[in-house]
Each structure stands twice: as structure tokens, then as C-alpha cells.
Amino acid sequence: MFDVHLIIVMIVALVCCIVHGVGNMQKTYGEGDDSFQAAGGEEGIRKLVQEFYRQMALLPEAEAIFTMHNSDLDTTIDKLARFLCGWLGGPKLFSEKYGSIRIPVAHRHLAIGPDERDAWLLCMEKALESQPFDEDFKRYLLEQLFVPAERSRNQD
Ligand code: HEM
């Protein structure tokens, strides 16, 4: 005969696993290089940024922000990928090659309002959809990216 308490504990544990997701129970992002690793390191981040700019070139909502860009997209892709490596807790690859950067300052010559910010985040959301990251990490990353996107906004 099973102990009724044991059965209750097992049912509670099962419900917890279903509600929180078994694999997510111990996951943390944003500590050390956890996020950099969750994004697949430099290689994973470069793929994400490639897809991000592919989406920007395709999405009608992103037409205005795409046309703000330099024609040398390879350099832009390299810059964003390197920046994200450091921002996600990995190696500081941006400053290694391009020097120091402050995101609001880097964007102050551009007219960025809520529409431009949201278009940028939409490109990132679409790019994340096709990456082999955990779904909870995708949500986490998009939420975190709202912060520098909002800090890049310089118009109402
Ligand atoms: C809010 C909407 C944003 C818009 C419309 C935007 C647009 C741009 C544009 C047009 C450039 C210049 C690229 C070129 O010359 O080809 C740029 C550069 C850059 N952006 Fe953004 N961006 C936004 C948000 C962000 C965010 C959230 C990040 C980081 C998480 C970021 C990181 C960078 C970096 C690292 C550069 C390179 C800066 C440099 O050359 O010094 N941007 N952005």
C-alpha cells in the first residue's frame, strides 16, 4: 500500500513540473555568462543577428528603420553581434574592435520614436522565432532588449 502523503507529494511535484516546465525549474539567465551560453555563444549570436537584419529587410513595419542603415550591412551586423556578446555576459568583443560604446549616444543622430523602437523589437522577435534557443530564453531576451531599445528612443 502507498502512503497517502507520498502520493500527495508526488501529485504536487507533478503539478509544479507542469506549471513551471521541468527543464526550467533551475534555469537562470543574466548571471555570469548564462545568457551568452543560452544564446549559443558568439556563433549563435551571429546567426541571430544575421536573421535579425534579414527580417528588417523583409518586414514592411521595419522599412523606415532599415533605410536608416548604412549600405555596409556586414559591418553593422558585426557591430551588433559583438555588442550582444558582451551585453549577454560573454567576451567584450565590441570594444575589442570598435572601442567603447553607449547605446543612447550611438543612436542620437537617428530619429527613434516608439514606432521605430517597436519595429526594431519586432525584427528581433521574428529573428528569435527561428533560433534553436529555449522558449523561455527567447522571451527573457526580448524583454531585456526592451531596455536598451527604449534607451535608444529620443522622440515621442
Ligand atoms: C530602438 C530601435 C533601434 C534602431 C532604430 C536602431 C538603429 C540603428 C542604426 C540605423 C544604426 C547605424 C547602423 C549603420 O550605420 O549601418 C545602429 C547602430 C547600432 N545599434 Fe541600433 N538601433 C536600435 C536599437 C538598438 C539596440 C536595442 C541595440 C543593442 C541592444 C543596438 C545596438 C547598436 C549598435 C551596437 C550599433 C553600432 C553603433 C556604432 O557604430 O557605433 N541598437 N542602430
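**Close-up views of the predicted model**

**Figure 1. Overall make-up of the protein chain.** The protein chain contains nine helices and zero strands. The model shown here and in the views below is predicted. Read from the N terminus, the order of elements is α-α-α-α-α-α-α-α-α. Of the 156 residues in the protein chain, 20% count as buried. Where contacts in the protein chain link residues at least 6 apart in sequence, 72% of these contacts join residues at least 24 apart.

**Figure 2. The shell around the ligand.** The ligand is surrounded by 21 residues, of which Met68, Asn70, Thr76, Phe83 and Trp120 come nearest. At least two residues of this shell are supplied by each of the helices α5 (73-87), α7 (103-106), α8 (114-129) and α9 (135-152). Sorted by class, the shell comprises 13 nonpolar, five polar and three charged residues.

**Figure 3. Packing of helix α8 against helix α9.** In general, a pair of packed helices is described by the angle between the axes and by the distance between them. For α8 and α9, the angle is about 160 degrees and the axes lie 10 Å apart. Because this angle is over 145 degrees, α8 is roughly antiparallel to α9. The crossing of α8 past α9 is right-handed. On the α8 side, the contact is made by Arg117, Trp120, Leu121, Met124, Glu125 and Leu128. On the α9 side, Lys138, Leu141, Leu142, Leu145, Phe146, Ala149, Glu150 and Ser152 take part. By class, nine nonpolar, one polar and four charged residues form the contact of α8 with α9. Trp120 thus appears in two views: this residue belongs to the contact between α8 and α9, and Trp120 is also among the residues that come nearest to the ligand.

**Figure 4. Surroundings of Phe146.** Phe146 is located in helix α9 and is one of the residues through which α9 contacts α8. Phe146 counts as partly exposed because 13 C-beta neighbours lie inside 10 Å, whereas a buried residue would need 20 or more. Arg117, a residue on the α8 side of the contact, is 29 residues away from Phe146 along the chain, and the C-alpha atoms of Phe146 and Arg117 are separated by 8.4 Å.

**Figure 5. Surroundings of Ala57.** Ala57 is part of helix α3, which spans residues 41-58. Ala57 is exposed because 12 other C-beta atoms lie within 10 Å, and a count of 12 or fewer defines an exposed residue. Between Ala57 and Thr67, ten residues apart in sequence, the distance from C-alpha to C-alpha is 8.9 Å.

Key:
Residues are numbered from 1 along each chain as its sequence is written. This is a predicted model: local features need pLDDT of at least 70, side-chain atom pairs count only at pLDDT 80 or more; totals for chains, interfaces and linings use all residues. A residue is near a molecule or strand if its C-beta atom, placed from the backbone, lies within 6 Å of it. Helices (H or I, at least four residues) and strands (E, at least two) are DSSP runs, numbered from the N terminus. Ala, Val, Leu, Ile, Met, Phe, Trp, Tyr, Cys and Pro count as nonpolar, Asp, Glu, Lys and Arg as charged, and the others, Gly among them, as polar. Axes are lines fitted to C-alpha atoms, for helices over the stretch in contact, and angles run from 0 to 180 degrees between N-to-C directions. Angles under 35 degrees count as roughly parallel, over 145 as roughly antiparallel, 65 to 115 as roughly perpendicular and the rest as oblique. A crossing is left-handed if the near helix is turned anticlockwise from the far one by less than a right angle, and right-handed if clockwise. Two residues are in contact if their C-beta atoms, placed from the backbone, lie within 7 Å.
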